[in-house]
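Welcome! Here is a short briefing to help you find your way around this structure. Take a look at it first, and then read on.

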Amino acid sequence: MAVGARSGHDGPEKRADEAIGDDVTGDDVTDDDATGGVTGGGAPGGGSDGDEPAHDHDAGRSGKGPKKQRSFWKELPLLIGIALVLALLIKTFLVQAFSIPSESMMNTLQKGDRVLVDKLTPWFGSEPERGEVVVFHDPGGWLEGQPTPKPNVVQKFLSFIGLMPSAEEKDLIKRVIAVGGDTVSCKEGGKVVLNGKALDESAYLYPGSVPCQDSFGPIKVPEDRIWVMGDNRQNSLDSRFHQQLPGGGTIANDGVVGRAVVIAWPVTRWATLPVPDVFDQPGLNQAVAAAPIGAVGVAGALPLVLWRRKKRTAGHTAE
């Protein structure tokens, strides 16, 4: 009677209750009891030996349970670490932010602007070109006597990983006017002359600013160096004012951090910094290229001139 009552009603009700318990607790005993009720008629120990593998399989599956997800707070330090490493790599090899501290590049750049500087292309052998706005390390003496800000620990750290412009490094930002092999000059009140071509700099000079208030040059820029000037010529201590220093006011290409490519902050000032069209005018490179060609011509003609002179001298001696 007990067996009959159990197999008629208690079995299904218990299986339903245990199924809910199994979802909550993952207990494999529930599956074993339910299997016994179906195959063994509900008698204790009524299951055959063939039922045991099914019990073992269910136990392994249920005992595993759902995998717990790692807490967000445990993963947060790892995420922060990865972000800091990526920021450091980006600052070292890709781009770096710089703050504009003066008015020497107005109106192209205003005091307080943040620019992003491309540091990637120099790794592939790229060199500064005419018309580019570049950031470079102080070659020595350019920033002498000027105060350097003293950032706090947080500012130093953020600057180190590239999330904040550097405040301690002595860097400057100017426009490249001439590169190695170029000849540059300017007469007072006149235009800058590059390789014999006068430059129309109205597209980027500060309104009301003259190309040069004092004459300089002609200056032949040494190889692997650049001649730089600010866009606000009357308020820029650029190459013109450091000719007494080693390098004659020029900057070594190795001292260039990179090219400023975009104004990133404030957002109302967002803009790219392209090379002005005046530096693409025909003839700027011809004067540089003509020198080697002329030298080759002179070298080729020299033996012929010497031979004719020797022959003429011999004729006069015979007479």
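In this predicted model, the chain has 319 residues, and 30% of them count as buried. Its secondary structure comprises 6 helices and 12 strands.

**The chain as a whole**
- Among contacts in the chain with a separation of 6 or more, 70% join residues that lie 24 or more positions apart.
- About 20,000 Å² of the chain is exposed, and carbon and sulfur atoms supply 59% of that area.

**An open sheet**
- Four strands make up an open sheet, and their order is E7-E6-E5-E8 with antiparallel pairing.
- The edges belong to strand E7 (197-198) and strand E8 (216-220); each has a single partner strand, so one side of each has no neighbour in the sheet.
- Within this sheet, strand E5 (residues 183-186) pairs with strand E6 (residues 192-194) in the antiparallel sense, over 3 bridges.
- If you would like a spot to zoom in on, Cys-186 has Val-192 in E6 as its bridge partner.
- As general background, strands of a sheet pair through backbone hydrogen bonds, in either a parallel or an antiparallel way.

**A closer look at Asn-253**
- You can find Asn-253 in the loop between strand E10 (251-252) and strand E11 (256-265).
- Is Asn-253 buried or exposed? Asn-253 counts as buried because its relative accessibility is 15%, and the cut-off for buried is under 20%.
- Setting aside neighbours within four places in sequence, Asn-253 is in contact with Glu-127, Pro-128, Asp-224, Arg-225 and Ile-226.

How values were computed:
Residues are numbered from 1 along each chain as its sequence is written. This is a predicted model: local features need pLDDT of at least 70, side-chain atom pairs count only at pLDDT 80 or more; totals for chains, interfaces and linings use all residues. Side-chain values use heavy atoms; hydrogens and water are left out. Helices (H or I, at least four residues) and strands (E, at least two) are DSSP runs, numbered from the N terminus. Buried means under 20% relative accessible area, exposed over 50%, partly exposed in between (1.4 Å probe, protein chains only). Contact means heavy atoms within 4.5 Å. Accessible areas come from the Shrake-Rupley method with a 1.4 Å probe; for residues, only the protein chains shown count as cover. Two strands pair if DSSP finds at least two bridges between them.
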